[in-house]
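Hi,

Here is the structure I promised to pass on. Have a look at it, and then read my notes below.

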Amino acid sequence: MSEASFVFGEKPIGIDSGQGVTVTDDSGNDYLDFGASYACTPLGHSHPTVTEAVQEQAAELTYVQGSYPVDVRSELYDRLAALAPGDCEKVWLCNSGTEANEAALKFARHATGRSKIVATMQAFHGRTMGALAATWKDEYKEGFGPLAGDVEFVPYGDREAMSEAVDEETAAVILEPIQGEGGVNPAPEGYLGHVRDVTADAGAAFIADEIQTGVGRTGDLWAVEGEGVTPDVVTAAKGIANGLPMGATMVRPWIAENAGNHGSTFSGGPVPCAAANATLETLVAEDLPGHAREVGAAFRESLEGLAAETDAIRDVRGRGLMVGVEVKTGANPVIGGMAMNHGILALPAGRTVVRFLPPLTVTEEHCQRVVDALESTL
């Protein structure tokens with residue numbers, strides 16, 4: 001299997017270094033990183049606080065498995081419990097988003113004694129066998145079947161379909177508060193609250209996949225907080241350790257008490273835990289969710305202004321610094337043009353949506369540079 005690369009011209013862009021919101025390729029060209037490697041670096045590249053924490057922890061203790069208490073791991077458990085939505089204060093650590101979702105599905109099935117999972121169309125929850133079964137697009141699944149069964153898909157945002165699907169056989173509903181890979185689709189107003197109500201009535205778990213939306217991305221530390229909703233399970237990863245492999249499954253007590261036996265050799269390694277502690281502490285101390293909310297609103301306003309001036313843009317949507325621009329042409333040519341001609345890195349979300357997931361430290365000036373580059377490219 002070959003290494004994946006971004007190819008915008010005749011050769012791939014090989015990233016050599018990064019600092020703050022900028023990365024530099026192996027030819028010395030700088031790029032404004034408005035993809036942040038799928039939201040993995042909310043503090044930007046090579047953040048000094050995270051770098052220092054990682055170096056100090058690596059010099060002291062690189063790894064010891066979870067049977068032995070380690071201060072840095074215990075600190076992260078306590079920090080996540082304190083920051084989690086509502087009473088989702090029981091935490092299991094892992095190494096990635098798909099692992100966090102695998103754990104969530106296992107915990108929900110064991111806690112309820114049921115097997116049925118309700119997921120949504122256009123959802124993406126990961127590439128391991130359970131998370132993949134709850135992922136919508138067939139292109140991710142081809143050649144890997146049979147996957148874990150008993151998954152039912154309903155249209156995202158459709159309250160009636162959700163009500164009909166959730167019954168006494170349902171273990172859990174899993175969904176993203178804003179769909180990322182599916183096209184940057186925010187949940188309609190009141191939809192998450194409706195899912196909360198129907199799952200509670202059925203005795204099923206509500207799993208909020210905050211792998212991409214969490215850690216301040218949408219203007220709140222967790223996207224569900226913006227809707228005033230407390231799920232039974234919240235999964236997090238990507239930006240939680242500012243680029244180091246770390247995931248977390250945070251659950252309410254009734255799930256934790258009946259979660260069953262689950263584990264992982266590298267769950268809560270000291271070095272990623274040190275990075276996560278430094279990341280979360282900095283995010284909260286500098287109110288980067290609030291910064292994302294303000295800068296993101298100005299960014300979307302500028303993009304909406306551009307959309308009003310051109311018929312090349314169908315829609316602008318998102319929340320905070322999770323923004324999607326639906327274009328009439330394919331997304332990839334636009335992304336390629338912005339990279340090669342303007343030094344802007346962005347991501348696709350489906351065939352026609354240009355996705356922006358910059359570090360939460362970007363400024364309005366950075367955002368205006370992206371708007372200008374998008375206008376020129378279109």
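On disulfides (two cysteine sulfur atoms within 2.5 Å), a search of the whole structure turns up 0. Cys-94 has no bond because the closest cysteine sulfur, in Cys-273, is 11 Å from its own, too far. Cys-273 is likewise in no disulfide, its nearest cysteine sulfur being that of Cys-94, 11 Å away. Cys-94 has 0% relative accessibility, so it counts as buried, and Cys-273, at 0% too, is also buried. The cut-offs here are under 20% relative accessible area for buried, over 50% for exposed, and in between for partly exposed, with a 1.4 Å probe and protein chains only.

Before you go further: this is a predicted model, where local features need pLDDT of at least 70 and side-chain atom pairs count only at pLDDT 80 or more, while totals for chains, interfaces and linings use all residues. Residues are numbered from 1 along each chain as its sequence is written, and side-chain values use heavy atoms, leaving out hydrogens and water.

Next, a helix pair. Helices and strands are DSSP runs numbered from the N terminus (H or I, at least four residues, for helices; E, at least two, for strands). How do H10 and H12 pack? Helix H10 (residues 288-309) and helix H12 (residues 364-377) have axes 9 Å apart, at an angle of about 20 degrees; the axes are lines fitted to C-alpha atoms over the stretch in contact, and angles run from 0 to 180 degrees between N-to-C directions. That makes H10 roughly parallel to H12, the label for angles under 35 degrees (over 145 is roughly antiparallel, 65 to 115 roughly perpendicular, the rest oblique).

In contact terms (heavy atoms within 4.5 Å), the residues of H10 that meet H12 include Val-295, Phe-299 and Leu-306, and those on the H12 side include Cys-367, Val-371 and Leu-374. By class, this contact has 9 nonpolar, 2 polar and 3 charged residues (nonpolar: Ala, Val, Leu, Ile, Met, Phe, Trp, Tyr, Cys and Pro; charged: Asp, Glu, Lys and Arg; polar: the others, Gly among them).

Last, some backbone points. Most residues other than glycine have a negative phi, and most peptide bonds are trans. The bond from Gly-145 to Pro-146 is cis, with omega near 0 degrees, and Pro-146 lies in the loop between helix H5 (129-133) and strand S6 (151-154). Asp-150, in the loop between H5 and S6, has a positive phi near 60 degrees and is partly exposed at 40% relative accessibility. Ala-39, in helix H1 (residues 36-39), has a positive phi of about 70 degrees and is buried at 5%.

Cheers
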